[in-house]
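Here is a colleague's note for someone opening this structure for the first time. Please keep the sequence and the view side by side while reading.

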Amino acid sequence: NILVSNPPYVLNKEKNNMKLNVLNYEPHKAIFVGNEDPLKFYRLILDYAKVNLENSGLIYFEINPLLLRELKKLISLYNFKIKQRMDIFGKIRMLRLQK
């Protein structure tokens, strides 16, 4: 049992730092999340996984490194084991969770 997700995780306040090719051609709903509750999609996926994912099941998330601390705190409430992966720029960009 595996869940893979690349939910919207770029904060609206980060729009000014985005490249034009992203702003002009990518659907904003797929990229940007409100500053008020930026972990809402992760929480929904974790709620779903808590009930539906088999024991030892895996979740792969792409993440915003700016939200790593908050996201780890949220994940700890669900008792998943966490492994981190870095992107080509040396930033933690993906999490692997195991139930």
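The points below go from the sheet to the helices and then to single residues.

1. The model is a predicted one, and the description that follows should be read with that in mind. Its open sheet is built from 4 strands in the order β1-β4-β6-β5, with mixed pairing. The edges of this sheet are β1 and β5, each of which pairs on one side only. Between neighbouring strands the average turn is 15 degrees, if direction is ignored.

2. Within the sheet, strand β4, which covers residues 58-62, runs antiparallel to β6 and is joined to β6 by 5 bridges. A reader who wants one place to look for this pairing can take Y60, whose bridge partner in β6 is R96.

3. On the other side of the pairing scheme, β5 and β6 are also antiparallel, and 6 bridges connect them. Here Q84 can serve as a marker, since Q84 stands opposite L95 in β6. The two strands β5 and β6 make a hairpin with 5 residues between them, and in the turn G90 has a positive phi of about 80 degrees.

4. How many of the 6 residues of β5 are buried? The count is 0, and β5 is accordingly described as hardly covered. This strand is nevertheless among the elements that cover the buried residues of helix α4, together with α3 (40-52) and β6 (92-98).

5. Helix α4 spans residues 68-76, and its buried residues are L68, L71, L74 and I75. Viewed down the axis of α4, these buried residues fall within an arc of 125 degrees, so they line one face of the helix. R69 and K73, by contrast, are exposed on the other side of α4.

6. Both helices can be placed against the strands. Helix α4 lies across β5 and β6 and runs at about 5 degrees to β6, whereas α3 lies across β1, β4 and β6 and runs at about 175 degrees to β4.

7. How do α3 and α4 meet, and at what angle do they pack? The angle is about 20 degrees, and the axes of the two helices are 11 Å apart. Because angles under 35 degrees count as roughly parallel, α3 is described as roughly parallel to α4. The contact is made by Y42, R43 and L46 on the α3 side and by L71, L74 and I75 on the α4 side. The crossing in which α3 passes α4 is right-handed. It may help to note that L71, L74 and I75 are also listed among the buried residues of α4.

8. Is S5, a residue of strand β1 (residues 2-5), buried or exposed? With a relative accessible area of 18%, S5 is buried, since buried means under 20%. Once residues up to four places away in sequence are set aside, S5 touches I45, Y60, F61 and E62. Of these, Y60 has already appeared above as the bridge partner of R96 in β6.

9. P65 belongs to the loop between β4 and α4, and its relative accessible area of 27% makes P65 partly exposed. Although P65 and K91 are 26 residues apart in sequence, their C-alpha atoms are 6.6 Å apart in space. Apart from its neighbours within four places in sequence, P65 is in contact with K91, I92 and R93.

10. Two loop residues deserve a careful look at the backbone. Most residues other than glycine have a negative phi. S56, however, has a positive phi of about 70 degrees and is not a glycine; S56 is found in the loop between α3 and β4 and counts as partly exposed at 46% relative accessibility. N79 is likewise a residue other than glycine with a positive phi, near 60 degrees. N79 sits in the loop between α4 and β5, and at 64% relative accessibility N79 counts as exposed.

Technical notes: Residues are numbered from 1 along each chain as its sequence is written. This is a predicted model: local features need pLDDT of at least 70, side-chain atom pairs count only at pLDDT 80 or more; totals for chains, interfaces and linings use all residues. Side-chain values use heavy atoms; hydrogens and water are left out. Buried means under 20% relative accessible area, exposed over 50%, partly exposed in between (1.4 Å probe, protein chains only). The arc is that of the directions from the helix axis to the C-beta atoms. Contact means heavy atoms within 4.5 Å. Two strands pair if DSSP finds at least two bridges between them. Axes are lines fitted to C-alpha atoms, for helices over the stretch in contact, and angles run from 0 to 180 degrees between N-to-C directions. Angles under 35 degrees count as roughly parallel, over 145 as roughly antiparallel, 65 to 115 as roughly perpendicular and the rest as oblique. A crossing is left-handed if the near helix is turned anticlockwise from the far one by less than a right angle, and right-handed if clockwise.
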